[in-house]
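Colleague: Please take one part of this complex and go through it closely. I would like a connected account that I can follow with the structure open beside me.

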Amino acid sequence: MKGAQKMTFRDFTSVLDYRSSKAANGGPSHVDPSPFAGTWVNTNDAAPHRIAKLVMKIRDGVLMVHVWGFCDPELCDWGEVPAEVYADSINTQTAMSFTAMFDFGFMETRLQTNLKRGTMVIATANKFSDLSGRSDYYTREFFYQIDDDGF
Amino acid sequence: MESRKYFRAGDGADLANDGVDRTIDVAPFVGTWINTMRETKGFVKLIVSHRDGKLFVQAFGASAPELCDWGEVEAYVFADRVDSRKGAAFSANYDTESIEVALQANMNLGLLVLLTFNRFKDGSGRSNYICREFFHR
């Protein structure tokens, strides 16, 4: 990375981060992932590129994300991976977002999510490595939570 | 057949060797982008440039008396569909001693919507957090 080296805030996204670093207690970041636990389904059941369903559980304090893509006649099971959770500010501990990576061998899909008014917004960044001619692509989808036995 | 592998039905298109140039068009992103919130404490300005077939992002954070120059990093661009070359989003990463910042940007109604995923590495106890901001040209 090049650029000016003299800035006081170089290692901080913002002035706010810098000031908060002076006040924060030491130790690792701890963000509570519980807002995501449960089963979520896509609001748009017509999109061919859609993620159909996610089931999220907390195991040993880690958010585990299990995804199913839409396939016919049966959903495609992506498997389960650990997620990294994020709050909405430096000083809060409730998760508003998570990221997770699925590596399928021929492609990688990175999930980047955030919660908004009870809806989960999932963006996926999809990179192909199989020379199939398919474009790497981006999606943005919306999900709502259902009872675990409702799907 | 490699191209038939998919984990979502819409990804199953077989596009290999069809002679179509699928270089993703990055033109929608190139330029100088200013945060719509004048008093932001986050990124004030982004300069997005294209050279040698690659996309680059230079971010400037709020600080005084001068903006904090985060330097230039390469970005990765994404189309809006598996069979499209229209640039829809890009991602980039900053990695410093104390923090990793993953940038995810997409276009919406002429605005650049930037989501940053901020992960601290310094044991300061600060929560990892996200920030969503909007930029105009």
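Modeller: **From an exposed residue to the core**

Asp147(A) is exposed, because only 8 other C-beta atoms lie within 10 Å of its own, and a residue counts as exposed at 12 or fewer. This is a predicted model, and the predictor gives the complex an ipTM of 0.85 and a pTM of 0.84. Asp147(A) sits in the segment that follows β9 of chain A, a strand made of residues 137–146. Its C-alpha atom is 7.6 Å from that of Gly38(A), although 109 residues along the chain separate the two.

Going back from Asp147(A) leads into β9(A), which pairs with β8(A) in the antiparallel sense over seven bridges. One position to look at in this pairing is Val121(A), whose bridge partner in β9(A) is Phe142(A). Strand β8(A) covers residues 119–128 and is mostly covered, with seven of its ten residues buried. β8(A) also pairs with β7(A), residues 107–116; these two strands run antiparallel and are joined by ten bridges. Within that pairing, Met107(A) has Phe128(A) of β8(A) as its bridge partner. β7(A) and β8(A) form a hairpin with two residues between them. In the turn, Arg117(A) has a positive phi of about 55°.

The next step crosses to chain B. Phe78(B) touches Ala125(A), Asp136(A), Tyr137(A) and Tyr138(A) in chain A, leaving aside residues up to four places away in sequence. On the same count, Phe78(B) touches Ala88(B), Ala89(B) and Phe90(B) in chain B.

Phe78(B) is also among the residues with the most contacts inside the largest nonpolar core, together with Tyr86(A), Ala95(A), Phe98(A) and Phe90(B). That core has 65 residues. Strand β4 of chain B, residues 68–79, gives the most to the core, with six residues. As a general point, nonpolar side chains in soluble globular proteins tend to be buried together.

As for chain B as a whole, it has eight strands and zero helices. Its C-alpha trace spans about 55 × 35 × 30 Å along the principal axes. Of the 137 residues in chain B, 39% are buried. Among contacts in chain B with a separation of 6 or more, 28% join residues 24 or more positions apart. The average pLDDT for chain B is 90, and 91% of the residues score at least 70.

Methods
Residues numbered from 1 in each chain as written. Chains lettered and ligands numbered in written order. Predicted model: local features only at pLDDT ≥ 70, side-chain atom pairs only at ≥ 80, totals over all residues. Core = buried A, V, L, I, M, F, W, Y, C linked by C-beta atoms within 7 Å. Buried ≥ 20, exposed ≤ 12 C-beta atoms within 10 Å, placed from the backbone. Helix = DSSP H or I, 4+ residues; strand = E, 2+ residues; numbered from the N terminus. Contact = placed C-beta atoms within 7 Å. pLDDT = per-residue confidence, 0-100. Pairing = 2+ DSSP bridges.
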